[in-house]
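Subject: Structure handover

Hello,

Here is the structure I promised to pass on. Please open it alongside this email.

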Amino acid sequence: MPSLNYHKPLRAINFVCLAPQAKVVSLVGDFNTWDAAAHPMKQMPDRSWLITMELKHGHHRYAFVVDGVLTLDPRAQGVTRNDKGERVSLVPVS
Amino acid sequence: MGQTALTTQEAGRKPISALRGKIHPIVIYPFRQPAHYTDLEALYRLVARLDGDKAKYCRPVTVLDRKTHFAHKSDERFSQFRKSVVEKFSDVLDAWCVDTCQMWYGGLGAACERGQPGDVYWLIPGDFNYGSPIGQEVLSRLHDLPEIILELDQDLCIGEIATDHAHSKQLIDTYGTFALLYTWFPGEANEIRQFTERPRSEFFAIRHEFLRETLADRWFPYEQTVVMLLQAVLREKRISRFFVGNITDLPEEGETLSSALQQVERTEHVLKTLWRERHEQSLGWIETYRCLEAQSEQARRTAVTILQNALK
């Protein structure tokens with residue numbers, strides 16, 4: 001991340017993916033270099049998938065990997081593309 | 001009276017960071033002065049904050065149509081608001097404009113002349129209900145648009161507002177704008193729809209380099225956001241969409257059937273012109289054009305029928 005942000009506080013953000021039939025779901029984004037193994041999500045009793053991430057101030061690109069498939073968050077506040085040109089979601093952290 | 005007399009106060013301009021450009025806020029003052037100033041006061045509280053943050057923002061610009069100015073010349077409240085608020089926190093660009101899109105053109109062009117590569121231009125329409133609780137929430141999110149461009153190295157960020165499916169703007173976009181876009185530019189329409197359902201949004205931010213290209217192209221007096229989105233897709237620019245909240249036009253801007261039809265007709269005109277410009281050098285373009293024109297007429301007529309029934 002840019003050193004400009006070193007002094008900005010971290011904020012806990014909950015990511016929820018509604019994929020009740022999925023076997024494996026993980027969170028990928030700029031914050032983990034789009035590594036699907038870095039942040040596996042945990043399935044909740046209601047069968048949704050959850051992970052809480054501490055993110056720096058700013059705007060972050062992310063997506064869910066649902067059983068190996070890159071998936072947009074339908075409840076995201078924005079849409080953009082990652083460096084590979086894939087459509088991904090946007091989350092603002094203030 | 002200068003036609004485009006920019007009351008310049010560039011003293012606050014500082015060297016631009018090597019890492020990031022600066023943000024140029026451009027406010028489009030309402031053509032029709034609202035009866036009360038609640039919404040404008042809320043908007044200019046934001047503008048005052050932006051003007052105070054000189055490390056991040058350039059001096060805001062307000063584009064004010066001369067017709068608006070002269071219509072309220074003897075209105076003490078208007079003169080006072082202009083002098084003590086608008087001119088205090090922004091440079092006023094007084095201009096004679098045919099339409100809102102020409103106000104955009106004047107404001108974006110003037111700001112672009114002051115800017116440099118890496119900068120971002122942030123268009124803020126003045127005629128929304130910013131004074132309401134929802135409007136305040138929207139105002140608190142609008143800054144995300146230029147920040148997304150700077151932080152994520154984007155070229156164009158469209159701010160999307162949520163409206164009811166039966167809202168006239170949504171109906172016009174669904175049955176008019178997109179029907180016509182899919183007729184004239186099907187591939188590009190598909191790409192645009194992957195980002196936004198509101199391709200005529202008045203909320204957007206644009207990077208200096210892309211704005212320079214856009215300003216060099218033909219500037220249409222209406223539906224300029226559609227044109228910019230098309231140019232962005234055709235030139236493989238980086239597009240983002242960000243949700244800025246639920247908001248409605250001020251009551252004065254409510255859609256009549258007549259204005260809805262006019263918007264559809266304008267969109268068709270813009271798309272036809274743009275298509276011709278892109279294809280008129282190709283052999284046999286006129287046959288394709290006539291075919292598309294027939295399809296376009298069908299799409300427009302269908303849109304008119306739907307809008308006629310839906311906006312009763």
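My notes follow, one topic at a time.

**Confidence**

This is a predicted model. Chain A has a mean pLDDT of 92, and 91% of its residues reach 70 or more. The weak stretch to note is residues 1–6 of chain A, where pLDDT stays under 50. For that stretch the model has 5 contacts beyond four places in sequence.

**Chain B overall**

Chain B has 12 helices and 8 strands. Its radius of gyration is 20 Å, close to the 20 Å that the globule rule gives for 312 residues, so chain B is as compact as a globular protein of that length. Along the principal axes, the C-alpha atoms fill a box of roughly 55 × 45 × 40 Å. Of the 312 residues in chain B, 46% are buried. Contacts over long stretches of sequence dominate: among those with a separation of 6 or more, 86% link residues 24 or more positions apart.

**Cores**

The largest nonpolar core has 90 residues. Within this core, B:Ile26 and B:Tyr121 have the most contacts. Helix H7 of chain B, residues 168–184, gives the most to the core, with 8 residues.

What does B:Ile26 touch, leaving aside its neighbours within four places in sequence? Its contacts include B:Val61 and B:Val63. They also include B:Gly107, B:Leu108 and B:Ala111. The run B:Tyr121, B:Trp122, B:Leu123 and B:Ile124 completes the list.

There is a second, separate core of 12 residues. Among its members are A:Leu27, A:Tyr62, A:Ala63 and A:Val65.

**Two helices in chain B**

Helix H6 of chain B spans residues 144–152 and is mostly covered, with 9 of its 9 residues buried. The buried residues include the charged B:Asp144, B:Glu147 and B:Glu151. B:Pro146, B:Ile148 and B:Ile149 are also among them. After H6(B) comes B:Asp153, with a positive phi near 55°.

Helix H9 of chain B covers residues 208–216 and holds B:Arg212. Is B:Arg212 buried, exposed or partly exposed? B:Arg212 has 14 other C-beta atoms within 10 Å, so it counts as partly exposed; 20 or more would make a residue buried, and 12 or fewer exposed. B:Arg212 and B:Ala111 are 101 residues apart in sequence, yet their C-alpha atoms are 11 Å apart in space. B:Ala111 is one of the contacts of B:Ile26.

**Strands in chain A**

One open sheet in chain A has 3 strands, in the order S1-S4-S3, with antiparallel pairing. Strand S1 (10–17) and strand S3 (42–43) stand at the edges. Each has a single partner strand, so one side of each is left without a neighbour in the sheet. S1(A) is joined to S4(A), residues 49–56, by 8 bridges. One residue pair to look at is A:Ile13, whose bridge partner in S4(A) is A:Met53.

Elsewhere in chain A, S8(A) pairs with S5(A) and with S7(A). S5(A) and S8(A) run antiparallel, joined by 5 bridges. Here A:Tyr62 stands opposite A:Ser89 of S8(A). A:Tyr62 is also a member of the second core. S7(A) and S8(A) run antiparallel too, with 4 bridges between them. In that pair, A:Gly78 has A:Leu90 in S8(A) as its bridge partner. S7(A) and S8(A) form a hairpin with 5 residues between them. In the turn, A:Gly85 has a positive phi of about 85°.

**Where the chains meet**

How many residues of chain A are in contact with chain B? The count is 12 residues of chain A, in contact with 14 residues of chain B. On the chain A side, the elements that give two or more residues are strand S5 (58–66), strand S7 (78–81) and strand S8 (87–93). S7(A) gives the most, with 4 residues. By type, this side of chain A divides into 4 nonpolar, 5 polar and 3 charged residues.

Strand pairing also crosses between the chains. S7(A) is joined by 2 bridges to strand S8 of chain B, residues 239–246, and the two run antiparallel. Across that pairing, the bridge partner of A:Val79 in S8(B) is B:Arg241.

Best wishes

Note on methods: Residues numbered from 1 in each chain as written. Chains lettered and ligands numbered in written order. Predicted model: local features only at pLDDT ≥ 70, side-chain atom pairs only at ≥ 80, totals over all residues. Contact = placed C-beta atoms within 7 Å. Pairing = 2+ DSSP bridges. Rg over C-alpha atoms; globule rule 2.2 N^0.38 Å. Core = buried A, V, L, I, M, F, W, Y, C linked by C-beta atoms within 7 Å. pLDDT = per-residue confidence, 0-100.
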